[in-house]
Amino acid sequence: MKALVIDRIHEDGIDVLNQYFETVDIHHNISRKELAAIVGDYDMLIGRAAPATGVIEKPTLEDSGKLKVIGIASVGLDQFDQEYIESKGIKLINLPGVNSISVAEHTVTLLLCGMRYILLAYEQMKKGIWNKHGFNEALELNGKTIGIIGFGNTGKAVSQIVRSGFGMNVLAYDPYINKQEASSNRGTLVSLEELLSSSDVVSIHAPLTDETYHMIGEGELKSMKKGAILLNSARGGIVDEDALYQVLSNRHLRFAGLDVQEQEPCYESPLFSLDNFIATPHIAGLTEDALSRAGKRVAVECLQYLGVEIKEDTDAVST
Ligand SMILES: O=C(O)C(=O)COP(=O)(O)O
């Protein structure tokens, strides 16, 4: 059997693949055209949620040959034409929850970094400015309210950190869960309107779908409390960036911290000119821990799908 790896997968996962496959080909910078030409020679294709090739859709899989399974060593499925993949008889495997802790910890890092002016203060220090009283407007998080949009694995992990670590109150908006599920994860389920108007911090942890595309637009941003904070470590397309620019530049929002942009890679943005905006290049889920776990798990789950019996000593963490 043959496996094709088209994105950076942790070496622990590649080790698992090497144990079971005759051939494991690794092509990190393959173009869509090249992929389309060779994909049919492989039983398994392994990639990431934001594939280096861009969206995996019709032309790429036209000649899918013996391809039986596509494994994604992360979570989001928005870059995959799921219906088409299914119609070709190919199984798509992703790993819900595999990087939740990493994404949640990164989200809280963005929150603290912005709230305590870490980047601005250090930039000034490097310029020889000792601005001791320039950041007195920072607030404590204790007793404040965070509103979490999308109360799945990552939303719940954020809830856990900010409640037990900072004593924040947690509101949750998620049309797919009930009150009990929210409360057993330390959140109070509310409508989107109530969440936006009552939260000091709003953090997005929903998938990008037709339903969530630009769900946070001008009206929603304006309905947030004056001085509130917006965090997005989910998908860029959920927030209308032009509207975000407006509410940041007129200081309706205190700041925004984004790990994701509508267009990625993102090399420039009007948002970069604002001193109340911070961003990272879609790295929230990328830690050694999450990558190793995901690499092993995606390999094992795809192998199991192909009916391969996994040796007992194969180390696949099931978190
Ligand atoms: O798990 C996800 O959905 C992520 O956003 C991480 O994306 P990546 O696998 O790094 O392309």
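The UniProt annotation "domain: D-isomer specific 2-hydroxyacid dehydrogenase NAD-binding", from an unreviewed entry, spans residues 109–284. The model analysed here is predicted. Within residues 109–284, helix accounts for 32% of the chain and strand for 17%. The end C-alpha atoms of this stretch lie 10 Å apart.

An open sheet is built from five strands in the order S2-S1-S3-S4-S5. The pairing is parallel. Strand S2 (23–26) and strand S5 (91–93) stand at the edges; each has a single partner strand, so one side of each lacks a neighbour in the sheet. Neighbouring strands are turned against each other by 15 degrees on average, with direction ignored. Helix H1 (residues 11–20) packs on this sheet. Helix H1 touches strand S1 (2–5), S2 and S3, and its direction makes about 145 degrees with that of S2.

Strands S3 (residues 44–47) and S4 (residues 69–72) run parallel and are joined by four bridges. In this pair, Ile46 of the chain stands opposite Gly71 in S4.

The ligand is surrounded by Arg48, Ala49, Ala50, Ser74, Val75, Gly76, Asn99, Arg235, His282 and Leu286. Three of the side chains in question make polar contacts with ligand oxygen atoms. For Arg48, a polar side-chain atom lies 3.0 Å from an oxygen atom of the ligand. For Arg235, the corresponding distance to a ligand oxygen atom is 2.8 Å. For His282, an N or O atom of the side chain is 2.7 Å from an oxygen atom of the ligand. Taken alone, the ligand exposes 320 Å², of which the protein buries 89%.

Terms used
Residues numbered from 1 in each chain as written. Predicted model: local features only at pLDDT ≥ 70, side-chain atom pairs only at ≥ 80, totals over all residues. Heavy atoms only, no water. UniProt positions renumbered as here; feature names shortened; annotations may be inferred. Helix = DSSP H or I, 4+ residues; strand = E, 2+ residues; numbered from the N terminus. Pairing = 2+ DSSP bridges. Axes fitted to C-alpha atoms, helices over the stretch in contact; angles between N-to-C directions. Contact = heavy atoms within 4.5 Å. Near = heavy atom within 4 Å. Polar contact = N/O pair within 3.5 Å; in protein donor to acceptor, adjacent residues only side chain to side chain. Areas by Shrake-Rupley, 256 points an atom, 1.4 Å probe, with all protein chains shown as cover.
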